[in-house]
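Open the model in your viewer and keep the sequence panel beside it. This tour goes from one selection to the next.

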Amino acid sequence: RGKKLMIIATSSNPSLLKDIGLRQHFTHTMTVPLVQSVTNMVDIVETLQVFSREEIESLKSELREVNLRVGIKKLIDICMTAKQAGNSATKKATFINLLTRSGGIL
């Protein structure tokens, strides 16, 4: 009793939260744009500490020509899955594969 609770919800369909009556229970909402540049993706990956500096440079080089369009939650999920993949080559391949399969690479 007397404790505050913070709940964070994410949705790729914000109108759904309103339609089912959940939106009224949140005091604040924040729209987070899709990650659409390799630079922004790298900032997020660095923050999550999934890859070493060398691995990040390799990813930047490999993905420099691609068009990205991925939600932040999806990107975090992909990073966390890749982190579990083991060695550097497997981790990088897993990351790129999941990013591609999720539709994040156009």
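**Stop 1: helix 4.** Select residues 72-83. This is helix 4, with 12 residues. At 1.5 Å a residue, helix 4 should span 16 Å. Its end C-alpha atoms are 16 Å apart, so the expected and modelled spans agree. Keep in mind that this is a predicted model.

Now show side chains. Which residues of helix 4 are buried? Pick Leu 75, Ile 78, Cys 79 and Ala 82. They cover an arc of only 100 degrees around the axis, which puts them on the same side of helix 4. Next, bring up helix 2 (38-48) and helix 5 (88-101). The buried residues of helix 4 pack against these two helices.

**Stop 2: the aromatic pair.** Stay with helix 5 and select Phe 95, which lies in that helix. Add Phe 51 to the selection; its place is the loop between helix 2 and helix 3 (53-63). How many aromatic pairs does a search of the whole structure find? The count is 1. A pair of aromatic rings is described by the distance of the centres and the angle of the planes. Here the ring centres of Phe 51 and Phe 95 are 5.4 Å apart. The planes stand at 85 degrees, and edge-to-face requires over 60, so this pair is edge-to-face.

The two residues are 44 apart along the chain, so to speak of sequence position, and the pair links distant parts of it. Are Phe 51 and Phe 95 buried or exposed? Phe 51 has a relative accessible area of 7% and is buried, because the cut-off is under 20%. Phe 95 is buried too, at 0%.

**Stop 3: the largest pocket.** Switch on a surface or pocket display. Rolling a probe the size of a water molecule over the atoms shows where empty space is left. The largest pocket has a volume of about 1200 Å³. It is lined by 27 residues. Select Ala 9, Thr 10, Ser 11, Met 30 and Val 32, the lining residues closest to the pocket centre.

Then colour helix 1 (14-19) and go back to helix 4. Each supplies at least two residues of the lining. Where does the largest share of the lining come from? Helix 4 gives that share, with 4 residues.

**Stop 4: Ser 37.** Finish in the loop between helix 1 and helix 2, where Ser 37 sits. Ser 37 is partly exposed, with a relative accessible area of 23%. Add Arg 69, which is 32 residues from Ser 37 along the chain. Draw a distance between the two C-alpha atoms: the separation is 7.9 Å.

How values were computed: Residues are numbered from 1 along each chain as its sequence is written. This is a predicted model: local features need pLDDT of at least 70, side-chain atom pairs count only at pLDDT 80 or more; totals for chains, interfaces and linings use all residues. Side-chain values use heavy atoms; hydrogens and water are left out. The expected span of a helix is 1.5 Å times one less than its number of residues. Buried means under 20% relative accessible area, exposed over 50%, partly exposed in between (1.4 Å probe, protein chains only). The arc is that of the directions from the helix axis to the C-beta atoms. Contact means heavy atoms within 4.5 Å. Rings of Phe, Tyr and Trp (its six-membered ring) pair if their centres lie within 6.5 Å; planes under 30 degrees apart count as stacked, over 60 as edge-to-face and the rest as tilted. On a 1 Å grid over the protein atoms alone, a cavity is a set of points where a 1.4 Å probe fits but cannot get out, and a pocket is an open set with protein on both sides within 12 Å along at least five of seven lines; lining residues have an atom within 4 Å of a point. Grid points are joined across faces, edges and corners, and a volume is the space filled by probe spheres set on the points.
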